[in-house]
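This briefing is meant for a reader meeting the structure for the first time. It takes up two topics, the pairing of strands and the cysteines.

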Amino acid sequence: MEALFDFWAAYGSTVTFAMANAFFALSTYAVLSTGVLSFTTVTFAAIGGFLAAQMVGQFGLHVYLAFLIAGIGGGLGAAVVASLFLRLESHWMALASLALVLITRVTALNTPGLTGGVNGLVVPVTISQFELFVLLTVTTLVFYRLHNSWYGLASRAVREDAAVASTMGISPYRIQFTAFLISGAVGGLGGAALAFTLQFISPDTYFIGIAFTMIASTVLGGSFHWFGPIVGALIFTALPAAMQAVVPAVEDVAKGVVLILIMVFLPRGLIDPRAIGLRRAAKRRRDIEHEAEKTHA
Amino acid sequence: MRIRKFSLRFAASILALSGAMAPNAAFAEPDAGEYKIGFISEATGPLAAAGNSYLHGAQLAIEQINAEESAGKGVELELVEKESGSDAARSVQALTQFIADRDVLAVSCCILSPVAGAVKPVAIAQKMPLVLYGATRPGLPELPYVTSIVVLPGPQEVKMTKMLAEKLAPKTVTYFVNADNDGFQGRFKAAQEVMEEAGIKTGGVVSILSADTDFTAPATQAIATNPDLIMVWTTQTPAAGIIAALRARGYEGHISASDVISPAPVFERIGEPLAGIPFPTSFAAEISTSPEAKAFAEAYEAKFNGSPDTYAAQGYTAMRYIAQGLKSLDGEPTREALANAMASIAEITPNVYGGLPMKEGQADVDKALIAAWTKDGKITTWEGN
Amino acid sequence: MLEVASQPLLLEVNSVVKRFGGVAAVGGLTAHVRQGSVHGLIGPNGAGKTTLINLITGLLHPDEGQIHFAGRHLEKMKPQQIAGLGITRTYQNVRLFSGMSVLEQVMTGCFLERKAGLFSSFLGLPSARNDWKRVREHAMHLLKRVAMDHTADELAETLSYGEQRRIEIARALGSNPRLLLLDEPTAGMNHAEATAVGLLVHELRDAGITILMVEHNMGLVTEFCDSCTVMNFGQLLAEGDPRSCIANPDVQEAYFGRKNDAERIKSLR
Amino acid sequence: MQLFVEQLINGWALGSLYALFGIGFGLVFSTLGILNAAHGAYASWAAIVGYYVFQWYGVPFPVAVLCGVFGGGILAILVDQIGFQPLRSRRMGMLGALITSIGFWIILDSLAGSATGHQSLAFPASSYPNAMVQIGPLRVPQMQIIIILSLIICTIAIHLLIQRARIGAAMRAVGWNDVAAAISGVNSRVIILLTAFMAGATSGLAGVLGGIATSNVSYTLGEGLMLKGFAAVVVGGFNDVRGTAVAGIMLGIIEVFVAQYISTAFRDGVTYTLLLAFLIIRPRGLFGSANFSRA
């Protein structure tokens, strides 16, 4: 029992970080599930993180209120980004979003009044693992509901074939714009979650590291179902901790190798509803053949 | 049993609190056994070069402490490392893992001030003694749990700047400074103040960023101000690059730098252009004369086949500090007792600096060495040539 | 026939030009589709038939000319707006959504039929749930119509090509269109299957849907189309009653001239 | 005035490095459709290979540079064949290759860190031309002249190759549509290998020359080049090496002038804002042609 307790204490923080990363992965998934590869989650996270930190630090707001403001701030940021970026073709879109990540850091570095500049901000309060868990559960519930709604159906159609979807009366722009709003809000929440988890944020907190963690988590877990990013974030966060325990010398190399292996052997990620359908179809075909053989015999 | 232990420990802590003068009181000894010290290392990532020195210094200290039994009779310390790559999130994770391990009594961490800032609240909240070994932002230590054995910048720089003003008598000084590093901003301002008080003009201030690598343009900019002395207040990689670029572009005037250029690999990389450039440091193996410093340098040389730099000295000191605190405890040591014991230490012994007073959990050295590389790669005392 | 000829025009294509890098895929074409008719669009490969369909549905925009649909100009509209007017289509190479079940495909086609807003459907309000159920039944009904209801829960991409075509038709019917554009609906089908499609087309027409279909099978065109347009090199070759169109010597030459073997072409299609 | 001209040349040389790197990065993006996060590692490794070849064998400067360039090219081929080739047959699009390249980035950077002992190394001053050349009143370091000339030569050579030679036509075909290219008789495997090699070698050249000129051979070398080279490619337009060259030089000069005359704090901000502005207002870059699209 005590050993279990120790284990939890040791790796509890990994779970906390995994949950924070799950927000980022879900935010990335929100746009990716409408066929947009975007790194702008980092920007939304920065907006949310610094907003939340300032709300709590400067104005003494309650953490929950700070989360709310972070989500709204991220969503507003996303509205601006979407209106600028959605006109671009997919490749340019990805590049523009990458450029925005770089700009976000430079901006954060040069606005010390808001972000603390190079010294960053100490976030004076924290949230419990349980609160974070509840928040993530609620967010996940949102994704679950969206997945099983008209929006979910339309977004999948837009992702698979935007042109075909548009001839059915689905506006890809509106779906993708909505996706950005969701991505922004969830990214903002994630930024706040990270701020309250780390209790210290600086412009480097919201930089390339998060961008790659979230993309990798999403693709690793699977970008075709909301459960994928969550699984991906958990694995991708736990991986370094596990690697450190197993092969500390080549931790980073091992992380990279795992990433490549997964891409080569499981390109659609761990959670893939389509694979289930394909397996079922294959089984059915076998059954039919089986039946046919039986009747022959 | 429990009550007796409690009262004993209570007595011990009273003693420890009241008597920093008697930290090695023979009657109070921790129980024999193996205890772990957590070390959040930075052996990969942007600061790996320095990170390795800190780690080596700490490893050597632990080895010596165990051999000498200087943390108590039968007390065996084990150094447990967790890598952070200078990343705040990974550092926090490493710390919480140490906190979860009941055998870990204290943790040492962090080169970067922002990372230290991230780790600090966790250590305080979870009551884990944390000894900072690299971060220099003022105000980081918070008794009893967070202490720092790194000397804050300031006095050393002032001392060197005064010396330079006096010996070189420059008319114009141009400064290089890290735009994105508070520590160096502070050092630059302290130096500039000294110079301007002495009536020496500021020719220009050239800002660079830590991640920069190309310094031909900044060097051109600095040379164009026609300075008699160029003071380089930047982190290691830029400092080395700036000095190389200044010399490559034909600047023949005086240059000064900070202790970032003291490690041997920097000389290996830049070579001759570094010769004769003064820098302040609190430890340099070749010119620190105390027997402790000599012994440390010899042991380090034997173990790692290279002379220790100022970072190694800090890693070494951090472990010595923890051992000294541990030794003053009685019975089964707890983190809280260790933190209190360390908080009450006024002088770390033995130390390689020839005196390292601790004030409010913050190391403070007033002896600064002004050193410089020779052409053949040795550090000597700078005489003002 | 007379009956159809008296019907008002539903779709008018007026001197439409579409160029791709200097080559005119459609070069000043004019064509008319009457309401309540089954209109064939025929012509050899590369004649610009699919381009025309893309122009009508807004996937491409004409460089010159106008397209009218029930009195509205379509030239500058976005595909989703055109779909909103009641034009839907199928594709030459079946374009079903990967990873979706058959029912989901058809429900996506019913997107315009939904009444619940994003928010109420997200909150799962009873009205939204009822709406979802209604559309689902509608979709099932459409699947039954194309005789694919038994595959509702299967992954569409695991089905045969002919089955996928029928699902695509069901999907296109989802929003109760006024004009249905079928791009080679019988490609890759045997005669019996193709005839079934022809019968389905008539059924749809009788239910009030106007149909414009690209078709290579001359037998089907003469059997099922009320009128037709023949294209070649992006231009109009003939328009009118299918039999007279095919009898037109220009059409004969353009369509069968080079190979001079209509039967062989038919069998290849 | 002299300062102005000297800084102009400094900026030009710096920008030439960005452009050299960017040409390689852009080649892979426009021809193979891969957004390659590992590209910076090619430059780091090229510099490291050049450094160790010199350290171990004491070869003359041009040989060390050539070895580095060759190393960069070979590395690019290895990464392509191990990481990207398996994805090609599956039509994974940009995302799959991006993730794999992130994996390679982590691995190669980490190995490069080990190879250099996490230190920043430097070529000894005696190993390369490090004198100053007197041009009128100006004194210009020899390395800057070498860098500037390297970019000019590489740009012209690669531009001619792509525009004139048959290989270039084939590369464009593969870039346009690999299926169509295969049908038209282009051996796309050979073209892919060749493109990868050229890309790695060009970026490698930027790495070696930059490593020498800035006395900084380390695993972080490529990262810096990557951020700015990426900007040069976007501003210049992906499928035109001339655009990348001009944009790179421009960015270098702007960067130096912003630092000299305005403030270092704004330097990167100006670069990236310019980058974003180009993406949004003129996504095809300075010289980009209108018909580049890969849906």
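Two strands count as paired if DSSP finds at least two bridges between them. With that in mind, please note that the model described here is a predicted one. In chain C, strand β7 (residues 179-183) and strand β8 (residues 210-214) meet this description, pairing in the parallel sense over 5 bridges.

**The sheet of chain C**

- Opposite C:L180 stands C:I211, a residue of β8(C).
- The wider setting in chain C is an open sheet of 6 strands, which follow one another in the order β6-β7-β8-β3-β9-β10 and whose pairing is mixed.
- At the edges of this sheet stand β6 (87-89) and β10 (235-240) of chain C, and because each has a single partner strand, one side of each is left without a neighbour in the sheet.
- On average, and with direction ignored, neighbouring strands of this sheet are turned by 15° against each other.

**Helices packed on the sheet**

- Helix α7 (residues 161-173) of chain C packs on the sheet, where it touches β6 and β7 of chain C, and the direction of this helix makes about 160° with that of β7(C).
- Helix α8 (residues 191-206) of chain C also packs on the sheet, touching β3 (38-42), β7 and β8 of chain C, with a direction that makes about 150° with that of β8(C).

**The disulfide in chain B**

- A disulfide is a covalent bond that joins the sulfur atoms of two cysteines.
- Over all chains the count comes to 1 disulfide, and this link is formed by B:C109 and B:C110, whose sulfur atoms lie 1.8 Å apart.
- The link of B:C109 and B:C110 is right-handed, with 55° about the S-S bond.
- B:C109 counts as buried because its relative accessibility is 0%, and B:C110 is likewise buried, with a relative accessible area of 0%.

**Cysteines outside a disulfide**

- C:C228 is in no disulfide, for the nearest cysteine sulfur, that of C:C245, is 3.5 Å away, whereas a disulfide requires sulfur atoms within 2.5 Å.
- C:C228 is buried, its relative accessible area being 0%.
- Why does the sulfur of D:C67 make no bond with the closest cysteine sulfur? The closest one, in D:C154, is 17 Å from the sulfur of D:C67, and this is too far for a bond.
- D:C67 counts as partly exposed, because its relative accessibility is 28%, a value that falls between the limits of under 20% for buried and over 50% for exposed.

Definitions and conventions. Residues are numbered from 1 along each chain as its sequence is written. Chains are lettered from A and ligands numbered from 1 in the order in which they are written. This is a predicted model: local features need pLDDT of at least 70, side-chain atom pairs count only at pLDDT 80 or more; totals for chains, interfaces and linings use all residues. Side-chain values use heavy atoms; hydrogens and water are left out. Buried means under 20% relative accessible area, exposed over 50%, partly exposed in between (1.4 Å probe, protein chains only). Helices (H or I, at least four residues) and strands (E, at least two) are DSSP runs, numbered from the N terminus. Axes are lines fitted to C-alpha atoms, for helices over the stretch in contact, and angles run from 0 to 180 degrees between N-to-C directions. Contact means heavy atoms within 4.5 Å.
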